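Here is a short report on one model. Look at the sequence and the coordinates before reading on.

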Amino acid sequence: MSVLNVSGKSAIALLITMAAVDRFNLLYREISRSCSVYIEALAIVGAWYTVRKCLTLVFNTYSMIRLHALPKLVGEIDIVKRYGRWAVVTGSTDGIGKAYAEELAKRGVNIILISRSKEKLEAVSRSISETYKVETDFIVADFSKGREAYQAIKEGLKDREIGILVNNVGLFYTYPDYFTNLSEDMLWDMINVNIASANMMVHIVLPGMVEKRKGAIVNVSSASCCQPTPMLTIYGASKAYLDYFSRALYYEYASKGIFVQSLTPFVIATKMVSCSRVTSKRSFFFPSAEEYASHAISTLGLSKRTPGYWKHSIEFTLGERLPEWIWAWFAQYFCRIIRKEALTHKAK
Ligand SMILES: NC(=O)c1ccc[n+]([C@@H]2O[C@H](COP(=O)([O-])OP(=O)(O)OC[C@H]3O[C@@H](n4cnc5c(N)ncnc54)[C@H](OP(=O)(O)O)[C@@H]3O)[C@@H](O)[C@H]2O)c1
């Protein structure tokens with residue numbers, strides 16, 4: 001009796017277990033059937049994302065080759081024929097402006113230089129005309145003076161047929177700093193030199209270009225425009241202004257034969273960034289002004305927005321894709337180091 005009882009209990013337990021397993025299998029099958037719809041949906045999203053990323057990579061690589069390698073292989077475009085014989089370059093007695101003016105002169109373009117120092121303008125003007133056998137002229141103007149500067153420039157450019165305008169002039173901080181530490185004069189200068197100058201220069205030369213239905217405008221912005229850059233707040237914002245200004249202008253005037261380009265370089269070893277020992281020296285990522293200008297000029301007519309130098313293009317692509325807080329964190333980290341270095345140097 002007790003034996004029967006024991007085996008009966010185990011049979012019941014076995015039946016319950018089997019039923020439970022059956023139910024579990026059933027449940028599992030049901031769950032996986034409904035899940036497979038989600039898994040398939042997720043797989044489609046994953047595939048779409050991967051294809052998009054691959055296409056972007058292919059497109060970016062193609063753009064890089066087209067922009068930075070092809071012009072060197074295929075040969076240079078005839079800038080004079082395409083845009084005109086005369087170019088105006090602002091901030092052209094030093095750094096990028098001077099190097100860009102020389103690159104244009106090398107291609108047979110006559111140059112009008114604009115900067116503040118008459119002595120430097122005379123020397124650069126003479127050196128360019130003697131070296132490249134082109135005509136040169138210059139206008140002395142200080143963009144931080146606002147309207148006064150544009151009167152002189154308007155006079156100087158009267159009756160001239162300008163084919164190319166390079167808005168290169170720009171002011172940087174003495175060293176990266178907090179906004180409230182900047183003087184009132186510094187703020188006005190930054191607005192006048194970095195923002196107002198490009199607007200006014202375009203306003204002076206663009207009507208003539210439109211009339212001839214050809215011309216090129218190059219605005220030298222900066223990579224600091226690609227995300228908000230703390231401790232270079234007003235500089236970065238002024239360069240973002242220039243970048244948006246150029247891109248909008250491009251769409252407005254492309255159909256009228258005018259090519260507008262926004263150049264957004266990272267660090268170039270010039271006097272402007274001499275506040276740090278690292279940035280003031282030419283290195284793998286920090287080209288000299290001459291090296292930079294020779295690359296940047298070959299992108300003219302090809303890209304409406306480019307850092308102008310292939311190594312900077314890689315940095316810019318990465319920079320734009322970083323989450324804003326990471327970009328801001330790095331910017332602030334490096335700016336603090338440079339500020340400390342500059343302050344220590346100043347105190348000596
Ligand atoms: N260097 C970089 O790492 C870097 C990176 C990104 C973008 N950028 C941009 O590239 C442009 C050129 O920079 P850079 O490094 O070549 O500068 P730079 O070596 O300091 O040369 C500045 C030029 O501008 C002239 N200039 C300065 N203030 C002026 C004013 N108020 N009115 C008229 N002319 C003035 C200077 O000549 P005078 O002193 O004789 O007037 C000089 O010819 C700037 O717009 C800058 O923001 C530079």
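The report covers the domains, the ligand shell and two helices.

**Domains**

This is a predicted model. The chain is divided into domain 1, residues 1–75, and domain 2, residues 79–347. Their centres, taken over C-alpha atoms, are separated by 52 Å. In the contact between them, 7 residues of domain 1 meet 9 residues of domain 2. The side of domain 1 that touches domain 2 has 3 nonpolar, 2 polar and 2 charged residues.

**Ligand shell**

The ligand is surrounded by 30 residues. The closest are Gly91, Gly95, Arg116, Gly170 and Met272. By class, the shell has 13 nonpolar, 12 polar and 5 charged residues. Which helix gives the largest share of this shell? It is α3, residues 95–106, with 3 residues.

**Two helices**

The table sets the expected span of α3 and α4 beside the distance between their end C-alpha atoms.

| Helix | Residues in helix | Expected span | End C-alpha distance |
|---|---|---|---|
| α3 | 12 residues | 16 Å | 17 Å |
| α4 | 15 residues | 21 Å | 21 Å |

For α3, the end distance agrees with a rise of 1.5 Å a residue. The end distance of α4 agrees with that rise too.

**Helix α3**

Is α3 enclosed or open to the outside? In α3, 11 of the 12 residues are buried, so the helix is largely enclosed by the rest of the structure. Among the buried residues are Gly95, Ile96 and Gly97. Charged side chains are included as well: Lys98, Glu102 and Glu103 are buried. Gly95 is also one of the closest residues to the ligand. After α3 comes glycine 108, with a positive phi near 90°.

**Helix α4**

Helix α4 runs over residues 118–132. Its buried residues are Leu121, Val124, Ser125 and Ile128. Why do they lie on the same side of α4? They cover an arc of only 100° around the axis, and therefore share one side of the helix. On the other side of α4, Glu119, Ala123, Arg126, Glu130 and Thr131 are exposed.

What covers the buried residues of α4? The cover includes α3, together with strands β2 (110–115) and β3 (136–140). Thus α3 has a part in two settings: it contributes to the ligand shell, and it helps to cover the buried residues of α4. Lysine 133 follows α4, and its phi is positive, near 55°.

How values were computed: Residues numbered from 1 in each chain as written. Predicted model: local features only at pLDDT ≥ 70, side-chain atom pairs only at ≥ 80, totals over all residues. Domains from an automatic or database assignment. Nonpolar A, V, L, I, M, F, W, Y, C, P; charged D, E, K, R; others polar. Near = placed C-beta within 6 Å. Helix = DSSP H or I, 4+ residues; strand = E, 2+ residues; numbered from the N terminus. Expected span 1.5 Å × (residues − 1). Buried ≥ 20, exposed ≤ 12 C-beta atoms within 10 Å, placed from the backbone. Arc of directions from axis to C-beta.
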